[in-house]
Structures are given as structure tokens and as C-alpha cells.
Amino acid sequence: MATILGQNQYGKAENRVVKITRDGDTHHIKDLNVSVALSGDMDDVHYSGSNANCLPTDTTKNTVYAFAKEYGIESAEQFGIHLARWFVTSQEPIKRARIRIEEYAWDRIATSDANSKFIGSDEVNHSFVRQGMETRVTQITYDGTNWEVISGLKDLVVMNSTNSEFWGYVKDKYTTLREAYDRILATQVSARWRFNWSDDEQRMPNWEKSYAEVRKHMLQAFAETYSLSLQQTLYQMGSRIINHRSEIDEVRFSLPNKHHFLVDLEPFGLKNDNEVYFAADRPYGLIEATVLRDGVDARIPVDMTNL
């Protein structure tokens with residue numbers, strides 16, 4: 001039976017690069033995990049094993065480290081744009097480059113005056129602690145003409161200890177869940193947002209400011225929404241981002257409902273007045289949806305597992 005080659009891509013995945021910028025005694029860290037995927041005129045390498053059009057994956061790895069030195073890392077998005085443009089414009093067989101980046105944040109460690117003087121400096125500006133919160137992510141795709149930048153975050157755990165209800169839902173013979181008029185609402189946010197910047201003629205967004213602002217509006221909407229369902233909260237989070245950030249046209253969320261159930265303390269002669277909960281890790285409700293600017297088509301994949 002005859003076969004033909006379908007979609008294909010190759011590159012070096014998960015290149016860990018840490019860039020230290022030294023501004024006198026004050027240092028700054030950018031800690032990235034960069035994956036490169038290239039596609040184009042690659043039929044021969046699959047059919048015959050000819051490597052004439054094949055840029056080695058080891059070279060793509062080296063490029064990541066060299067660009068960290070040559071261009072620095074202003075932001076994950078800007079770094080990915082430099083890489084994608086290089087691979088498509090420097091190698092004729094390469095028609096499309098996709099760069100995926102995870103960024104790990106670090107906080108500066110505050111030290112005591114005594115310790116600062118001990119090491120001979122008025123201030124210590126070179127010690128950091130890894131943040132234990134979310135991971136920032138971005139995916140940059142370039143085909144030589146058009147750009148697509150989808151950024152986001154994952155593993156951002158948030159909780160409202162009140163101002164959440166869940167009642168009035170469909171009930172059948174298998175329903176045992178009690179209606180709740182004051183409950184904990186907690187989730188582990190995975191979100192992706194798509195920028196409307198798509199070509200070099202447009203003004204490029206300020207990637208660092210945009211991320212900070214999107215995160216701020218997302219958290220404010222979560223905190224300020226009196227929630228009757230996690231779906232409602234999700235929509236408010238997405239709407240707040242779209243309405244406040246003109247550079248973004250689409251936001252998609254995947255929100256697991258991190259259930260907290262009241263513990264029955266009556267066997268011990270105690271009343272549980274919405275104070276003591278059991279935090280269940282599974283099974284969990286999984287709420288997912290896309291929020292769009294009116295008139296815009298959705299392009300973020302429904303399944304964000306590999307995005």
C-alpha cells in the first residue's frame with residue numbers, strides 16, 4: 001500500500017537557558033525553557049535520508065544560547081520572535097518556525113543590614129528565590145510573513161473563601177450534591193491569550209507590561225466577582241482582559257474546580273460553621289472556555305495540553 005508524508009516538524013526541545021544581566025552590583029535573571037520546532041521542505045530527509053535541507057537540532061540549541069548573549073532577553077516573547085525570524089529567514093528550506101517558551105520567575109532576597117555589611121556591600125542585589133507561583137508561557141509562530149503570538153500562564157492557584165454560591169442546577173436520580181449558598185471557590189488557572197499583532201508593520205506590544213497587566217486584571221476579576229458558578233467567574237476574567245487590553249483579541253481558560261467540602265464534625269459534638277474543610281484533589285470539575293473580542297475568530301486550540 002502506497003504511503004505519503006504528512007505534517008512534520010523537528011527541532012530541539014526544552015533548552016534551559018539562564019541569562020544574568022549585570023548592572024554593576026545589581027543583577028537581573030531571565031530563566032527560560034525554550035523549545036524549537038521547524039518545518040518546510042523536508043520531504044527528502046524522510047524519504048531518502050538526505051540531510052541536505054536539514055539544519056541539525058544541535059544547531060538550533062546553540063542558536064538559543066548564542067542569541068541569549070547577542071540579543072539579551074528583554075522578554076520571552078521578544079526572544080522567541082528573534083529566534084523564529086532567524087530560522088525562517090536564514091534557512092531557505094525552513095518555511096515555518098514555532099518557538100515555545102516557559103519562563104520561571106525569581107524574586108530578589110532581602111537581607112539584613114548586618115549580613116549586607118558582612119560581605120562588604122550596602123545592599124545585596126544578586127540573591128534570588130524561585131517564585132513558587134505560576135509559570136509564564138509563550139508560543140511564537142512565524143512563516144516569513146505573518147506572526148502569531150500566544151502567551152499565558154499555568155499553575156496559578158487562587159481562592160475566594162466566600163462570595164461564591166452554587167445552586168439551582170439540574171438534578172436527577174443520581175444527584176447527591178447539596179446546594180451551596182456560601183462556599184470556597186478555588187482553582188488552578190491555566191490561561192492563554194492571543195495578541196492581534198501579526199506583522200512587522202504593526203506596532204509591537206510591550207510584552208512585559210502586557211503580561212503584568214493581563215495578570216492583574218485576571219486576578220482582580222476573580223476577586224471582585226460574586227460568583228454563582230465558576231463559569232461565570234471565568235467569563236468575567238476573560239472579559240476584563242479583553243476590555244482593558246487592546247492588544248489582545250482572545251483568551252482561553254482551563255480551570256479545574258479545586259473542591260473544598262465541609263467536614264462533618266457532629267460526631268464529635270462540634271458545629272462546623274463554614275470553618276473546617278476537606279480539600280479534595282480528585283476528581284474535580286474542569287471548566288474550560290474561550291472569551292473573544294466581538295467579530296474575532298477563535299484560534300487558540302481547544303486542547304491546550306501542548307500549548
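Start with the largest pocket, whose volume is about 860 Å³. A pocket here is an open set of points on a 1 Å grid over the protein atoms alone, with protein on both sides within 12 Å along at least five of seven lines, and lining residues have an atom within 4 Å of a point. The volume is the space filled by probe spheres set on the points, which are joined across faces, edges and corners.

Before you click further, keep in mind that this is a predicted model, where local features need pLDDT of at least 70, side-chain atom pairs count only at pLDDT 80 or more, and totals for chains, interfaces and linings use all residues. Residues are numbered from 1 along each chain as its sequence is written, and side-chain values use heavy atoms, with hydrogens and water left out.

**Stop 1: the largest pocket**

Select Arg-178, Ala-180, His-260, Phe-261 and Leu-262: of the 29 lining residues, these lie nearest the centre of the largest pocket. Now colour by secondary structure, using DSSP runs numbered from the N terminus (helices are H or I, at least four residues; strands are E, at least two). Helix H6 (230-244), strand E10 (260-262) and strand E12 (285-292) each supply at least two residues of this lining. Which element gives the most to it? That is E10, with three residues.

Try colouring the lining by class too: you should get 13 nonpolar, eight polar and eight charged residues. The scheme counts Ala, Val, Leu, Ile, Met, Phe, Trp, Tyr, Cys and Pro as nonpolar, Asp, Glu, Lys and Arg as charged, and the others, Gly among them, as polar.

**Stop 2: the second largest pocket**

Next up is the second largest pocket, with a volume of about 650 Å³. It is lined by 34 residues, and the closest to its centre are Lys-154, Arg-192, Met-304, Thr-305 and Leu-307. Show the strands here: E2, E3 (94-104), E6 (135-142), E7 (147-160), E8 (185-195), E9 (248-257) and E12 each supply at least two lining residues. By class, this lining divides into 14 nonpolar, 11 polar and nine charged residues.

**Stop 3: two helix pairs**

Select H5 (residues 207-224) together with H6. They pack at an angle of about 140°, with their axes 8 Å apart. Axes are lines fitted to C-alpha atoms, for helices over the stretch in contact, and angles run from 0 to 180 degrees between N-to-C directions. H5 is therefore oblique to H6, given that angles under 35 degrees count as roughly parallel, over 145 as roughly antiparallel, 65 to 115 as roughly perpendicular and the rest as oblique. The crossing of H5 and H6 is right-handed, meaning that the near helix is turned clockwise from the far one by less than a right angle (anticlockwise would be left-handed).

Then jump to H2 (residues 57-70) and H3 (residues 76-90), which pack at about 130° with their axes 11 Å apart. H2 and H3 are oblique to each other, and their crossing is right-handed.

**Stop 4: backbone oddities**

Zoom in on the peptide bond from Arg-282 to Pro-283. Is it cis or trans? It is cis, with omega near -5°. Pro-283 lies in the loop between strand E11 (277-279) and E12.

Now find Asn-163, in the loop between E7 and E8. Its phi is near 60°, a positive value in a residue other than glycine. Asn-163 is partly exposed, at a relative accessible area of 40%; with a 1.4 Å probe and protein chains only, buried means under 20%, exposed over 50% and partly exposed in between.

Asn-274 sits in the loop between E10 and E11. Though not a glycine, Asn-274 has a positive phi of about 55°, and at 32% relative accessibility it counts as partly exposed.

**Stop 5: far in sequence**

Pick His-27 in strand E2 (residues 26-40). Is His-27 buried or exposed? It is buried, with a relative accessible area of 17%. Draw a C-alpha to C-alpha distance to Arg-108: the two are 81 residues apart in sequence and 9.4 Å apart in space.

Do likewise for Asp-23, in strand E1 (residues 15-23). Asp-23 is exposed, at 52% relative accessible area. Asp-23 and Asn-125 are 102 residues apart in sequence, with their C-alpha atoms 9.8 Å apart.

**Last stop: zoom out**

The whole chain has six helices and 12 strands. Of its 307 residues, 40% count as buried. Along the principal axes, its C-alpha atoms fill a box of roughly 75 × 75 × 40 Å.

Definitions and conventions:
1 Å grid on protein atoms, 1.4 Å probe; cavity = no way out; pocket = protein on both sides within 12 Å on 5 of 7 lines; lining within 4 Å.
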